[in-house]
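Work through the exercises below with the coordinates open. Try each task before reading its solution.

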Amino acid sequence: MRAIAIHESSPSGILTEIELPLPVPGEYEVLVELRATSVHSADMKPGMNVAGIVVDIGRAVKRFKPGDEVFGLKSAVQSSCYAEYILAREDELALKPPGLSFQAAGVLPAAGLAAWQALASARVSSRDRVLVHNGAGGTGSFTVQLAKLRGATVIATISSDAELDVVWGLGADQAMNSGGGEQDFAAILGQSIDVVIDNAGGAILGRSFAVLAPGGRLISTAQPPDPAQATQQGIHAAYITAAADPFQLSELARLTAGRKLKPLIGSSFPFSEEGLHSAHALALSGQVQGVIAITIKE
């Protein structure tokens, strides 16, 4: 089978097309013929997003059979999803609804699960004012929509005015351009925020403590918040990375198929050395909205 190997000698990786033998599923594994995957800054190196058709299963697999259309999230410590066929554990996958394209399913897992799990960790409800950093990004775009589905008031930061219409289209109640210091979100918002979902890290994460009301919650998908500062302010702070969850994957698929959740696909590239190199370079530039789709097979 055809695969793209990633060598870690440069920030975006050196990509080389190789031939590999077709993998054989273990006892609890599923062999998937990939139709699509995706790239964004959080999951660029591993290539963890799966969308395709089951072609073989291990003897202990109960939930899937050959011919099933599935999608999911592979563990980062496993092999890349930049291949025509991949192995995934049964508990890393969910059935793809018939009305959902493989491309849409391929951008859902890492970004969608990170957003879902961040909001769950923060216990977001309709009473909350939620600040979402990088609201037009991969994880941020899902976070804005899922927070609105929970009934929260959502404020999104963006990196350019070109993203204003994007986050308003996703349902944000307020947006502010924090790119290049154009708008100081901390000065504007004061201590009026119940929950911050940080998808940016760095200085933006550090300044986020200033906007939280007493007892607020700060969840970052980018890097761990400062525990000393959290303790000093009485803030619940945590860092999460997306983890595979079949129920949550199924719920994301249901919401997407029902048009209540819209995957934001920033760009799409073919499955090739050149296509993946361009996708990685775009992800590293920080100039992409949503998630970058990779089409492996039409």
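The exercises cover two helices, the salt bridges, the nonpolar cores and one buried arginine.

**Ground rules.** This is a predicted model: local features need pLDDT of at least 70, side-chain atom pairs count only at pLDDT 80 or more, and totals for chains, interfaces and linings use all residues. Residues are numbered from 1 along each chain as its sequence is written, and side-chain values use heavy atoms, without hydrogens and water.

**Exercise 1. Check the length of helix 2, then list its buried residues.**

Step 1. Fix the terms. Helices (H or I, at least four residues) and strands (E, at least two) are DSSP runs, numbered from the N terminus. The expected span of a helix is 1.5 Å times one less than its number of residues.

Step 2. Compare. Helix 2 has 13 residues and should span 18 Å. Its end C-alpha atoms are 17 Å apart, which agrees.

Step 3. Sort by accessibility. Buried means under 20% relative accessible area, exposed over 50%, and partly exposed in between (1.4 Å probe, protein chains only). In helix 2, 11 of the 13 residues are buried. They are Pro 109, Ala 110, Ala 111, Gly 112, Leu 113, Ala 114, Ala 115, Trp 116, Gln 117, Ala 118 and Leu 119.

Step 4. Look past the end. Just after helix 2, Arg 123 takes a positive phi of about 55°.

**Exercise 2. Describe helix 8: its span, its buried residues and what covers them.**

Step 1. Helix 8 runs over residues 246-257. Its 12 residues reach 16 Å from first C-alpha to last, close to the 16 Å expected.

Step 2. The buried residues are Gln 248, Leu 249, Glu 251, Leu 252, Ala 253, Leu 255 and Thr 256. Their cover includes strand 5 (69-73), strand 7 (93-95), helix 2 (109-121) and helix 3 (138-149).

Step 3. Inspect both ends. At the start of helix 8, a side-chain oxygen of Asp 245 comes to within 3.0 Å of the backbone nitrogen of Phe 247. Just after the helix, Arg 259 has a positive phi of about 60°.

Step 4. Pick out the buried acid Glu 251, which has a relative accessible area of 18%. Its side chain makes a polar contact with the side chain of Arg 254 at 2.8 Å. A polar contact is a pair of N or O atoms within 3.5 Å; within protein, one must be able to donate a hydrogen and the other to accept it, and residues adjacent in sequence count only if both atoms are side-chain atoms.

**Exercise 3. How many salt bridges does the whole structure have, and where do Glu 69 and Lys 96 sit?**

Step 1. Set the criterion: a side-chain nitrogen of Lys or Arg within 4 Å of a carboxyl oxygen of Asp or Glu. The search finds 13.

Step 2. Take Glu 69 and Lys 96, which meet at 3.0 Å, N to O. This pair links distant parts of the chain, 27 residues apart: Glu 69 is in strand 5, Lys 96 in the loop between strand 7 and helix 1 (102-107). Glu 69 is partly exposed at 29%, whereas Lys 96 is buried at 7%.

Step 3. Take Lys 148 and Asp 173, with closest N and O atoms 2.9 Å apart. Lys 148 lies in helix 3 and Asp 173 in the loop between helix 4 (164-170) and strand 10 (174-177), 25 residues apart. Both are partly exposed: Lys 148 at 29%, Asp 173 at 42%.

Step 4. Look for a network. Salt bridges link Arg 2, Glu 17 and Glu 84.

**Exercise 4. Which residues of the largest nonpolar core touch the most other members?**

Step 1. Define the core: a set of buried Ala, Val, Leu, Ile, Met, Phe, Trp, Tyr and Cys residues joined through side-chain atoms within 4.5 Å.

Step 2. The largest core has 51 residues, and Phe 71, Leu 146 and Ile 197 touch the most other members. Helix 2 supplies its largest share, seven residues.

Step 3. A second, separate core has 29 residues, including Ala 3, Ala 279, Ala 283 and Val 288.

**Exercise 5. Place Arg 217 and find what its side chain reaches.**

Step 1. Arg 217 is in strand 12 (residues 212-220). Its relative accessibility is 11%, so it counts as buried.

Step 2. Its side chain reaches the backbone oxygen of Ala 122 at 2.9 Å.

Step 3. List contacts (heavy atoms within 4.5 Å). Beyond residues up to four places away in sequence, Arg 217 touches Asp 128, Asp 194 and His 236, among others.
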